[in-house]
Amino acid sequence: MTGLLLVALLQAVGPSGRPADYLGFEPGADSLLADWKQVSGYLNGLAQRSPYVRADTLGRTTEGRPFLLLTITSPANQARLAAIKRGQAQLADPRLLTEATLAELRTTQPAVILISNNIHSTEVASSQMGMTLAYRLATDPTLSRLLDSVVVLMIPSMNPDGLDTVVSWYRRHKGTRYEGGPLPWLYHKYVGHDNNRDWFMVTQAETRLVTRMLYTEWFPEIVYDVHQMGASGVRLFVPPFIDPVNPNLDPALVAAMNLVGTAMASALYDAGLTGVAHQERYDLWWHGGFRSTPTRHNMVGILSEAASTRLGSPITIAPDSVRQPARGVNYPAPWPGGTWRLGDIVRYELVASEALVRLAARDRVTLIDRFVGLGRRAIEAGLAGNPFAYLLPPPPEQRDPEAWTGLANVLIAGGVEVWRAAAPLTADGRTYPAGTLVVPMGQPFRAHAKDLLEPQRYTPVADRPPYDVAGWTLPFTMGVRADVVNTPFTANLVRADSIVPAPGRIEGSGEMFILRNRTNAESRAVVELLAAGQSVTLAGDSLIVRGPRARSILAERAARHGFGVTATRAAAVRGSTRQRLPRIALYQPWTASIDEGWTRWLFEQYGITHTTLHDSDLKKGGLRQRFDVIVLPDAETAALVRGVDSSRIPLQYAGGMGDVGAAAISEFVRGGGTLVCLDGSSNFAISRLNLPVVNVLAGEASGPQVSRFYAPGSIFGVILGGGGGPRSPVTLGLPESLQVYFDNSAAFTVSGPARALATYPAEPLRSGYARFQERLEGKAALVEAPVGSGRVILFGFRPQFRGQTHGTFKLLFNAVLLAAP
Ligand SMILES: [Zn+2]
């Protein structure tokens, strides 16, 4: 390094290298928040001057910022990171280990832990804390001497885009009543808070970067995800979690989570801190969060949840206003109340993080042995059968080839081995063709695969609702056939790295094309056809496509996405024809609607161009002149009509669409528009448009009270049709029965002229939990209601839930592309 460069670096990080010298303030100081440029600038500088710290850019965020991973360990370990990663891969998959290799790794291999900060952007303290943690690990001898035994991976922000969104809001509104939020928009471009609901589906850029690092590169033994919660309760939650425990979690893993949490608590008490609680509302049931997905990979996955401040600003809570349990074994030192600062959260999180580093150094060999033991037990359990494997036969057994490959690719992204049958095979007495995808359970990450492929049977404990959703079975949500095989079998299998559908093609000759509309990719093709001005006719159970560019568009799409097209000679066709893309609008309330974000994301994935509508656009009226279809995301009626009160958010974002906006929507429908209401917003349409529809669950679904219907995120079967009359375009191409995602959703009774397009059968629960599911029998899940010369389509479920429900995307696509005559 040249002298000039060294001088430049020293100036960049400051003479001592402390965060305060770089930032001009101590991380956690009142009212001062470092943004991503500052956080990443400091950490990159530290990496350049400290032999203990390495900074890597894993890739780009959704909005294009660099996504950083810090590797903090001794200089000797830094010099052999490739070998350490190889060692972790061997420990993660004990089939790769000889006894000699294991003996050597027990001597030489450091423990590997991951600390992930700031996944939720308003939970901002950990983004600041990480700078101090990295500095202390690199410079405090009591910590740095542990780093021969530990590799500390740290992600300084799991969502750098969101950190900047929140810091810029805070700086703009500091000193006003709006400084602590809420923000009127999402802090992740598409999914907001649901960036911590994406850890098995892996739909977003940040999730993909971290998932690849975790399950193909680093395989840490412990993952610690640092969160904040509401302001008024206990000061910090650390494990033990609460019941129920997911059946796929090994008991040694549960005990290890308890151990790590209590080690953190001990360190916090040793430091004289109070208000640390175990067994708060976070359970061990749910899959899909950043602390829960690693536990399906034999990693000790934990989180902490600190009480929040108003972003950078302190709060004061009177002692008798603190909502905390009485002193007890889970809460031996209640918090006395008073002022709570950003710096307090930073301090608690720092103590907890350093306790984790100490535990990992002390228990290094135990962590290695346990990691190997968990992997071995998973493999043995799988090889013993019950279940032995899941089999996903190829099309035509699968309705949508892309959903089939998509499910397999989700598993592969999560580190699961998927194999392809090179020859026909027989399993549990059934014959499967070559090309069948096989997910054997005899593999180290069995729990992840099994938990995603099997139905969930949630059992509430003490009448509590699950922390998040109750069920997530991917074959159901994605509409993919996956057969469980219980008895061991042998077959000729080839490992699959990534799977694409076999190319589809145009069969027959002629310039008129028939689409069966059974796959999501056909909706994508319809969008492209209409955008190019080709004609699409709804005729019976098919779509008839004509036009000079139809053949080339369909040939290309069919080849890429694996669906088939039939060509025929031109003939007269009866049915309604369209020749341009409907003008679609998606309402975006100023309530930071996550469902709006997922809908927008899905539309972008499928090329569905649309306009975003805000309250002011609605209030202007004249909507029918501008749009054919308006989509309302899932929302309560009050949130739509009244929005957020101006005491909580600046005036330009306050007040919702109001009665004026609601009247404009009504006028739009009566004038021939199509209104698509997702789940909760159905209640708005029912009341504002006087629909002959009743949501029989209105007001019932708020909690698992003994006498009431209750179903948190769960999967139900529905039967299509049954409403009489011709089949609706909304259900065109869908199977007679399918599974829908229900999350404290709606269920309808209808009278003419409204009609049910999908109805719940007896005992509809397929995965998750429902109390009094018989209440759903015969009720409508999907309704079409004519109003004036327009129509309303009511979804009583979540057709695009978290980007997971490929099996019902098409209902939404049909509703926006085909429902209008
Ligand atoms: Zn959080």
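# A walk through the sheets, the zinc site and a cavity

Begin by selecting strand S4, where both faces are covered: Val-150, Val-152 and Met-154 lie on one side, Val-151, Leu-153 and Ile-155 lie on the other, and all of them are buried. Keep in mind as you look around that this is a predicted model.

**Stop 1: strand S4 and its partners**

Highlight residues 150-155 to see the whole of strand S4. Six of its six residues are buried, so the strand is largely enclosed by the rest of the structure.

Now bring in the strands that pair with S4. Add strand S3, residues 111-117, which runs parallel to S4 and is joined to it by six bridges. To find one of the contacts, click on Val-112: its bridge partner in S4 is Val-151. Then add S2, which pairs with S4 in the antiparallel sense over three bridges. Here you can pick out Leu-70, which stands opposite Met-154 in S4.

**Stop 2: the sheet around S4**

In what order do the strands of this open sheet of eight come? Trace them as S1-S2-S4-S3-S5-S10-S6-S8, with mixed pairing along the way. The edges are strand S1 (53-60) and strand S8 (276-277), each of which pairs on one side only.

Go over to the S8 edge next. Strand S6, residues 236-237, runs parallel to S8, and two bridges join them. Select Leu-236 and look across to Val-276, its bridge partner in S8.

**Stop 3: Thr-71**

Return to strand S2, residues 66-72, and choose Thr-71, which has its place there. Is Thr-71 buried or exposed? Its relative accessible area is 2%, and because anything under 20% counts as buried, Thr-71 is buried.

Thr-71 is also a handy starting point for a distance. Draw a line from its C-alpha to that of His-227: the two are 21 Å apart in space and 156 residues apart in sequence. Follow that line to its far end for the next stop.

**Stop 4: the zinc ion**

Which atoms coordinate the zinc ion? Show the side chains of His-120, Glu-123 and His-227: the donors are ND1 of His-120, two OE atoms of Glu-123, and ND1 of His-227, at 2.1 to 2.5 Å. Along the sequence, these donor residues follow the spacing H-x2-E-x103-H.

Turn the site around to view its geometry. The angles among the four donor atoms run from 56 to 151 degrees, and the site is irregular. A tetrahedral site would need all angles between 85 and 135 degrees. While you are here, check the surroundings of two of the ligands: His-120 is buried, and Glu-123 is buried too.

**Stop 5: the largest cavity**

Rolling a probe the size of a water molecule over the atoms shows where empty space is left. There are six cavities of 30 Å³ or more in this model, and the largest of them holds about 70 Å³ of space.

To see what surrounds the largest cavity, select its lining: Phe-67, Ile-119, Met-158, Asn-159, His-188, Asn-195, Trp-199, Gln-204, Glu-206, Thr-207 and Val-210. Colour these by class and you will have five nonpolar, five polar and one charged. Which helix gives the most to this lining? Select helix H10, residues 205-218, which supplies three residues.

**Stop 6: strand S29**

Now jump along the chain to strand S29, residues 674-678, where five of the five residues are buried. Thr-674, Val-676 and Leu-678 point one way, while Leu-675 and Cys-677 point the other way.

Two pairings are worth displaying here. Strand S28, residues 629-632, runs parallel to S29 with four bridges between them, and Val-629 stands opposite Thr-674. Strand S37, residues 790-795, also pairs with S29 in the parallel sense, over five bridges. In that pairing, look for Leu-675 opposite Val-792.

**Stop 7: a six-stranded sheet**

End the tour at an open sheet of six strands in the order S20-S24-S21-S23-S22-S25, with mixed pairing. Its edge strands are S20 (506-507) and S25 (576-578), and each pairs on one side only.

For a last selection, show S21 (residues 512-515) together with S24 (residues 565-568): these run antiparallel and are joined by three bridges. Click on Phe-513, and you will find Ala-567 of S24 standing opposite.

Terms used
Residues numbered from 1 in each chain as written. Predicted model: local features only at pLDDT ≥ 70, side-chain atom pairs only at ≥ 80, totals over all residues. Heavy atoms only, no water. Donors = N, O, S within 2.8 Å, 3.2 Å for Na, K, Ca; no water. Tetrahedral: all angles 85-135°; square planar, octahedral: opposite > 155°, others 65-115°. Buried < 20%, exposed > 50% of the residue type's maximum accessible area, 1.4 Å probe, protein only. Pairing = 2+ DSSP bridges. 1 Å grid on protein atoms, 1.4 Å probe; cavity = no way out; pocket = protein on both sides within 12 Å on 5 of 7 lines; lining within 4 Å. Points joined across faces, edges and corners; volume = space filled by probe spheres on them. Nonpolar A, V, L, I, M, F, W, Y, C, P; charged D, E, K, R; others polar.
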